[in-house]
Amino acid sequence: MSDPCEVTNGDDAYTAPVFGTELRREEIGTVTFLDNLNSAPNHVRDVSQNQDGSVVAWWEQNGVGYYDLFIAAEGGVSAPQDASYLFRGYRNVTGIYFNGAFDTENVTKMDLSSFDTSKVTGMLAMFYRCSNLTELDVSGFDISQVVDMYGMFDGVPESAIRYWN
C-alpha cells in the first residue's frame with residue numbers, strides 16, 4: 001500500500017489526494033483497515049504497490065460531511081517500509097481502526113509528530129511488536145488525557161523511540 005503525500009508545505013497536505021483520486025485527505029472522517037475483501041464493493045481502487053489488486057481501497061459517505069475510507073487485503077495490509085507522513089493531512093479523521101489488519105513488520109521509519117492526540121485516553125499496545133522500527137517519533141504526542149499506555153512500546157527497540165518532553 002502506498003499513498004504518498006509529496007507536498008512540502010504542511011498546510012497543503014490537507015488537500016493532497018487520497019491514493020491519487022479526486023478525494024482529498026481533509027474529506028476523510030475515518031480510516032479502517034480490513035484483513036479480507038469480503039465487504040469490498042464493486043467500485044474499489046487498486047492501491048497495491050504492484051497494481052495487482054492485492055490491496056484495494058474504497059470510501060463511503062458517512063452522513064456527517066466526510067467519507068469513511070476502507071483499505072483491505074487478504075490477510076491484512078502491509079505498511080510501507082517508510083511510513084513517515086502516512087496519515088499526514090487527514091485532519092478531520094476521528095478514528096483509525098487497524099483491526100489487527102495493518103502489518104508494520106517491515107516498517108523502519110514512522111513520524112507521528114503531527115498526530116493530534118490531545119483527546120486520546122488510551123494507547124494500549126499501540127506499537128506492540130514493532131520490533132524492526134529504527135525510528136519512531138512520538139515527541140509531539142499530547143498525553144495529558146492518556147490513562148492507559150500498557151504495552152505501548154513492547155518489542156520496540158529503545159533506541160528507535162524519540163519520546164515526548
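The following exercises, each with a worked solution, concern a predicted model.

**Exercise 1. Confidence**

Find the mean pLDDT of the protein, and state which element has the lowest mean and which the highest.

Solution.
- Step 1: The average pLDDT over the protein is 85.
- Step 2: A score of at least 70 is reached by 92% of the residues.
- Step 3: Among the elements, strand β8 (residues 109-111) has the lowest mean pLDDT, 79, and β4 has the highest, 97.
- Step 4: Where pLDDT is low, predicted coordinates should not be read in detail.

**Exercise 2. Strand pairing around β3**

Determine which strands pair with β3, in what sense, and over how many bridges.

Solution.
- Step 1: Take β2 (residues 45-46) and β3 (residues 56-61). These strands pair in the antiparallel sense over two bridges.
- Step 2: Locate a bridge between them. Asp-46 has Val-56 in β3 as its bridge partner.
- Step 3: Turn to β4 (residues 67-72). β3 and β4 run antiparallel and are joined by six bridges.
- Step 4: Locate a bridge here as well. The partner of Trp-59 is Leu-69 in β4.
- Step 5: Examine the connection. Five residues lie between β3 and β4, and the two strands form a hairpin. In the turn, Gly-63 has a positive phi of about 85°.

**Exercise 3. Salt bridges**

State how many salt bridges the structure holds. For each, identify the residues, the N to O distance and the parts of the chain that are linked.

Solution.
- Step 1: There are two salt bridges in the structure. In general, side chains of opposite charge can pair when their charged atoms come close.
- Step 2: One of the salt bridges is between Glu-26 and Arg-91, with the closest N and O atoms 2.7 Å apart. This pair links distant parts of the chain, 65 residues apart: Glu-26 lies in the segment before β1 (28-34), and Arg-91 in the loop between β5 (77-78) and β6 (95-97).
- Step 3: Classify these two residues by accessibility. Glu-26 has a relative accessible area of 22%, so Glu-26 is partly exposed. Arg-91, at 49%, also falls under partly exposed, because exposed requires over 50%.
- Step 4: Arg-162 and Asp-137 form a salt bridge whose closest N and O atoms are 3.0 Å apart. Here too the pair links distant parts of the chain, strand β10 (residues 161-162) for Arg-162 and strand β9 (residues 135-137) for Asp-137, 25 residues apart.
- Step 5: Classify this pair. Arg-162 has a relative accessible area of 53% and is therefore exposed, whereas Asp-137, with 12%, is buried.

**Exercise 4. A loop residue and its contacts**

Decide whether Thr-117 is buried or exposed, and list the residues that Thr-117 touches beyond four places away in sequence.

Solution.
- Step 1: Thr-117 is found in the loop between β8 and β9.
- Step 2: The relative accessibility of Thr-117 is 5%, so this residue counts as buried. The cut-off for buried is under 20%.
- Step 3: Leaving out residues up to four places away in sequence, Thr-117 touches Met-123, Phe-141 and Asp-142.

**Exercise 5. Positive phi outside glycine**

For Asn-99 and Ala-125, give the phi angle, the location and the accessibility class.

Solution.
- Step 1: Asn-99 is not a glycine, yet has a positive phi of about 50°.
- Step 2: Asn-99 lies in the loop between β6 and β7 (102-103). Relative accessibility is 52%, so Asn-99 counts as exposed.
- Step 3: Ala-125 is not a glycine either, and has a positive phi of about 50°.
- Step 4: Ala-125 lies in the loop between β8 and β9. With a relative accessibility of 31%, Ala-125 counts as partly exposed.

Note on methods: Residues numbered from 1 in each chain as written. Predicted model: local features only at pLDDT ≥ 70, side-chain atom pairs only at ≥ 80, totals over all residues. Heavy atoms only, no water. Pairing = 2+ DSSP bridges. Helix = DSSP H or I, 4+ residues; strand = E, 2+ residues; numbered from the N terminus. Salt bridge = Lys/Arg side-chain N within 4 Å of Asp/Glu carboxyl O. Buried < 20%, exposed > 50% of the residue type's maximum accessible area, 1.4 Å probe, protein only. pLDDT = per-residue confidence, 0-100. Contact = heavy atoms within 4.5 Å.
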